[in-house]
Amino acid sequence: MTGALQFPDDFIWGASTAAHQVEGNNINSNWWVREHADGTDIKEPSGDACDSYHRYDEDISLLANSGLQMYRFSIEWARIEPEEGCFSQAELMHYARMIESCRAHGVEPMVTLHHFTVPRWFAAKGGWSNPSAPDLFVRYVRFVLPILDGVTWICTINEPNMVAMTQGGETGEDMAASSLPEPSEKIARIILQAHLQASALLRQDKSKRVGWSVAAQAFHAMPGCEQETSDYAYWRETFFFEHAAGDDWVGVQAYLRTFIGKHGPLPVPAEAEKTKNGWEYFPPALGIGVQTAWNLTGGVPVFVTENGLATDSDARRIDYTHDALLGLKKAMDLGIDVLGYLHWSLLDNYEWGSYDPTFGLISVDRKTFKRTPKPSLTWLGQVARTGMLNVPRP
Ligand code: BGC
């Protein structure tokens, strides 16, 4: 029993955030524009977010003190290149200081280069539907490269499959994640080019381990709907895992499952327990996502770069995480190489339109920005310290 719950010694434990969701005042990004547009569909703007732009050192220190070992955060392209071709050395140094802070606290950084938001000028040029998008992205990555010296873990693009849906259509316009439109094959292919070109540049440094992170949706075929499910999944997930086959690792981000019937996705069953943002409470999504990634990539090592749930009950957060990790361990026992687990999220942050869905291991006062670690942070930190899943719950 004990052995079954013991994770390998070199397994990496940590937590993730994304720049727009925690930094605050990301005024040059397409999301800021959308948040403040007349008649916007956004419930509340990001504003100061968690003020992590100024408080990152405290965040990293809380993560380190809990026992976690890795911090995944993203660099905001709109800060680095606020106008096309106009690069900010000062903003670059801000991210260099974040990497230094990780080192000072004994935390391994994983740096994401693109997490949903883009500079407003890039969006105005058609965003990811513009065939020049890969070159524009790589020019930004080239500027960032010097501060990534010595950083091993790089995630080029967060959830390209979600981008191909939320930036669907040919206008580069964002769409609300709650009403996902059809995926765009054109955007999927352009964003893949961006990933491949950026990866080739980054891998000139042989010590780097580069990958991208895919939203794994645990598509579940209703009886007799296997073909429909496989068709539905292709441009929403499969394509993105298949094209990670040459990468150093593939990121799995798992939260929920999606039932597919003859005519597409079905609503979450009425009797199911739901999270604060209306998703089905379904911890096995993680084990399923990891298996899907492993099968579709032909055995690329998996990194769980996001997993968690929005809830006001921290005890339920621990239940969910415990059960998700149990499923993960079972997948590992089948021979799947899993490098680490990063919880989403370190902080209660801006959940793309609202502060209501709280995913954090740490709560943040919306006026003072005071951080209060939750019992789940202590619990996950203990799991990290011991490598054991059956540590006592706080
Ligand atoms: C995204 C995060 C988001 C989380 C919860 C992931 O799809 O990468 O930015 O906050 O899911 O919705």
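Me: Before we look at strands here, when do two of them count as paired?
Reply: Two strands pair if DSSP finds bridges between them, and one bridge won't do. The number needed is at least two. Keep in mind that this is a predicted model. In it, strand β8, residues 258–261, runs antiparallel to β9, and the number of bridges joining them is 2.

Me: Which residue of β9 is the bridge partner of Ile260?
Reply: β8 covers residues 258–261 and is joined to β9 by bridges. For Ile260, the partner over in β9 is Pro265.

Me: Which strands stand at the edges of the sheet?
Reply: The sheet is open, has 3 strands with mixed pairing, and follows the order β6-β8-β9. Two of its strands have a single partner each, so one side of each is left without a neighbour in the sheet. Those edge strands are β6 (219–221) and β9 (264–265).

Me: Which helix packs on that sheet?
Reply: Look for a helix touching β6, β8 and β9. Its direction makes about 165 degrees with that of β6. That's residues 226–242, helix α10.

Me: How much of the ligand's accessible area does the protein cover?
Reply: Let's start with some polar side chains that reach ligand oxygen atoms: Gln21 at 2.7 Å, His115 at 2.8 Å and Glu306 at 2.9 Å. On its own, the ligand has 310 Å² of accessible area, and the share covered by the protein is 93%.

Me: How many residues in the shell around the ligand are nonpolar?
Reply: There are 13 residues around the ligand, with Gln21, His115, Glu159, Glu351 and Trp352 coming nearest. In that shell, 4 residues are polar and 3 are charged, while the nonpolar ones number 6.

Notes. Residues are numbered from 1 along each chain as its sequence is written. This is a predicted model: local features need pLDDT of at least 70, side-chain atom pairs count only at pLDDT 80 or more; totals for chains, interfaces and linings use all residues. Side-chain values use heavy atoms; hydrogens and water are left out. Helices (H or I, at least four residues) and strands (E, at least two) are DSSP runs, numbered from the N terminus. Contact means heavy atoms within 4.5 Å. Axes are lines fitted to C-alpha atoms, for helices over the stretch in contact, and angles run from 0 to 180 degrees between N-to-C directions. A residue is near a molecule or strand if one of its heavy atoms lies within 4 Å of it. A polar contact is a pair of N or O atoms within 3.5 Å; within protein, one must be able to donate a hydrogen and the other to accept it, and residues adjacent in sequence count only if both atoms are side-chain atoms. Accessible areas come from the Shrake-Rupley method with a 1.4 Å probe; for residues, only the protein chains shown count as cover. Ala, Val, Leu, Ile, Met, Phe, Trp, Tyr, Cys and Pro count as nonpolar, Asp, Glu, Lys and Arg as charged, and the others, Gly among them, as polar.
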